[in-house]
Amino acid sequence: MVLAQLPALPPPPSWFPGHMMKFTRMLPALLKRTNVVLEIRDSRLPLTSINRTLEGALNKWRLERGWDPNNPARRLFSVEACEHIVVLNKRDLVPEWGLEASISAFNSESSSRTCFSSHFEMQWQRSFRTSSFSLLPGSGRGISAILQYPHAMELNVLVIGMPNVGKSTLLNALRNMGIKGRTPKALQTSANPGMTRALSTRLKLSLDPLVYAYDSPGVMLPFLGRGAEGAERGVKLALIAGIKEGLYDMEALAAYLLYRLNVLNPISPAYLKLLPPGSSPTSDLEEFLTLLARRMGMIRRGAEVDLARAAVFFVRWWREEGGLLSAAYSLHLDPRPSTDKNQEMTQTQAWGFDFQWEVRPEDKSSMDSDPSLYLQEKMEQCIDQYVAQTARDDTEEANVSETQIKKKAMLEEKERRRLRYTKR
């Protein structure tokens, strides 16, 4: 077993092009003609891929449609449909053993309805619904929002989320399921972020009931944060190709990926299949890249191994194949007392790249009695920690860059001068 240690990470870059700012400004007006908001997140980063930039507009939209500000799960008045559904996409890239617990954790901690989806799963099963909400009438149940409002002529769905979480791919799959017969691909998709740069025209998803959808450009956070939290947030998003390639050095991404794969499975991490037979897990990036380069024949002139090329190969392998391999391992926890009586042995357990907790020997009884409830409690703790960290960032303005602070101060000074001039 290898002990994983978080490597030194570079500060996060800023990537917030004009089309993202344009959509952020037009969102409040767009929500006035929206009935359902589908917020797409990546299953591997269910917390990091939360689009906090758009949360203010969504909260205002819900309040205007009658949701209780003191109890977000209760609606005071209901005139037209207003649903916010969180879709954790790419569920095939996270281990099966944590799916049920994570859904329970999110639904207990949030007023939004949460479900998992996978493009490949929808292609085969041709169904997309949570336990209590059917988005498309694939099973004949129809859309609950329309059933509550029988006089509504149509339902308008807006899809939002971070870049490259699968918004356009999901809409193409839903259209293929909702309309009988052969339906051509309506929206362009790409493995690189930023393909969708403008709000799409209304796309028909279903004929009975009548459902339309808008695809929106992915919106990144204007500033990813300061310190270790901001640095890790940026690297995570870069690993899932949510940030424009070229803004990060591949060796930095490879170092963090090596660390995460060791955390996910310290005994037999997924990357061992890339190394020479008989290799052991390692936390040393240079050692790992050297073994990988030699195994793949990445040798430069002078018989030097090409570490940079090996790092690029490692990251792209994980995006295309390694994510599936790391999601295939089964849960195995066996916390035991340390041989040192004064010190207990703890074991790090993780699910995806956002959920991580320590397992201690005293947890064994809880794990044995009800593993699902134990996992749910640990995941709820991770969500609570994220919410608390977000609140601290907002209070301390740690989520605002120095440039944004200076710009805000400049605008406030201009407003003061304008008011002073008008008083005269």
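Helices and strands are taken as DSSP runs and numbered from the N terminus, with at least four residues for a helix and at least two for a strand. The model described here is predicted. On that numbering, Ser-200 lies in the loop that links helix 6 (167–178) to strand 5 (203–206). Buried means under 20% relative accessible area. Ser-200 has 16% relative accessibility, so Ser-200 counts as buried. In space, the C-alpha of Ser-200 is 10.0 Å from that of Ser-168, while 32 residues separate the two in sequence.

The protein contains 13 helices and 10 strands. Its length is 424 residues, and 50% of them are buried. Contacts with a sequence separation of 6 or more were also examined. Of these, 67% join residues 24 or more positions apart. The accessible surface of the protein is about 21900 Å². Carbon and sulfur atoms contribute 51% of that surface.

Helix packing was considered next. Two packed helices are described by the angle between their axes and the distance between the axes. Helix 10 (residues 307–327) packs with helix 8 (residues 250–264). The angle is about 40 degrees, and the axes lie 9 Å apart. Helix 8 is therefore oblique to helix 10. Their crossing is left-handed. On the helix 8 side, the contact is made by Met-250, Glu-251, Leu-253, Ala-254, Leu-257, Leu-258 and Leu-261. These residues meet a set in helix 10 that includes Leu-307, Ala-311, Phe-314, Trp-317, Trp-318 and Arg-319. By class, the contact of helix 8 with helix 10 comprises 14 nonpolar, 1 polar and 2 charged residues.

Helix 10 also packs with helix 9 (residues 285–296). Here the angle is about 90 degrees, and the axes are 9 Å apart. Helix 9 and helix 10 are therefore roughly perpendicular to each other. Helix 9 contributes Glu-286, Phe-288, Leu-289, Thr-290, Leu-292, Ala-293 and Met-296 to the contact. Helix 10 contributes Leu-307, Ala-310, Ala-311, Phe-313 and Phe-314. The contact of helix 9 with helix 10 has 10 nonpolar residues, 1 polar residue and 1 charged residue. Leu-307, Ala-311 and Phe-314 of helix 10 appear in the contact with helix 8 and in the contact with helix 9.

Another packed pair is formed by helix 1 (residues 18–31) and helix 2 (residues 55–64). The angle between them is about 15 degrees, with the axes 10 Å apart. Helix 1 and helix 2 are therefore roughly parallel to each other. Helix 1 passes helix 2 in a right-handed crossing. Leu-27, Pro-28 and Leu-31 of helix 1 touch Ala-57, Leu-58 and Trp-61 of helix 2. The contact of helix 1 with helix 2 has 6 nonpolar residues, with no polar and no charged residues.

The segment before helix 1 holds Pro-13. Pro-13 has 23% relative accessibility, so Pro-13 counts as partly exposed. Pro-13 and Phe-223 are 210 residues apart in sequence, yet their C-alpha atoms are 8.2 Å apart. Beyond its neighbours within four places in sequence, Pro-13 is in contact with Leu-224, Leu-247 and Tyr-248.

Gly-234 belongs to helix 7 (residues 227–239). With 0% relative accessibility, Gly-234 counts as buried. Residues up to four places away in sequence aside, Gly-234 touches Pro-12, Leu-224, Ile-243 and Tyr-248. Leu-224 and Tyr-248 are thus listed as contacts of Gly-234 and of Pro-13. Gly-234 and Leu-253 are 19 residues apart along the chain, with their C-alpha atoms separated by 9.9 Å. Leu-253 is one of the helix 8 residues that meet helix 10.

Backbone geometry was then examined. Most residues other than glycine have a negative phi. Lys-90 has a positive phi, near 65 degrees. Lys-90 lies in the loop between strand 2 (83–89) and helix 3 (99–109). Asn-164 is not a glycine, and its phi is also positive, at about 65 degrees. Asn-164 sits in the loop between strand 4 (155–161) and helix 6. At 16% relative accessibility, Asn-164 counts as buried.

How values were computed:
Residues numbered from 1 in each chain as written. Predicted model: local features only at pLDDT ≥ 70, side-chain atom pairs only at ≥ 80, totals over all residues. Heavy atoms only, no water. Axes fitted to C-alpha atoms, helices over the stretch in contact; angles between N-to-C directions. Parallel < 35°, antiparallel > 145°, perpendicular 65-115°, else oblique. Left-handed = near helix turned anticlockwise from the far one by under 90°. Contact = heavy atoms within 4.5 Å. Nonpolar A, V, L, I, M, F, W, Y, C, P; charged D, E, K, R; others polar. Buried < 20%, exposed > 50% of the residue type's maximum accessible area, 1.4 Å probe, protein only. Areas by Shrake-Rupley, 256 points an atom, 1.4 Å probe, with all protein chains shown as cover.
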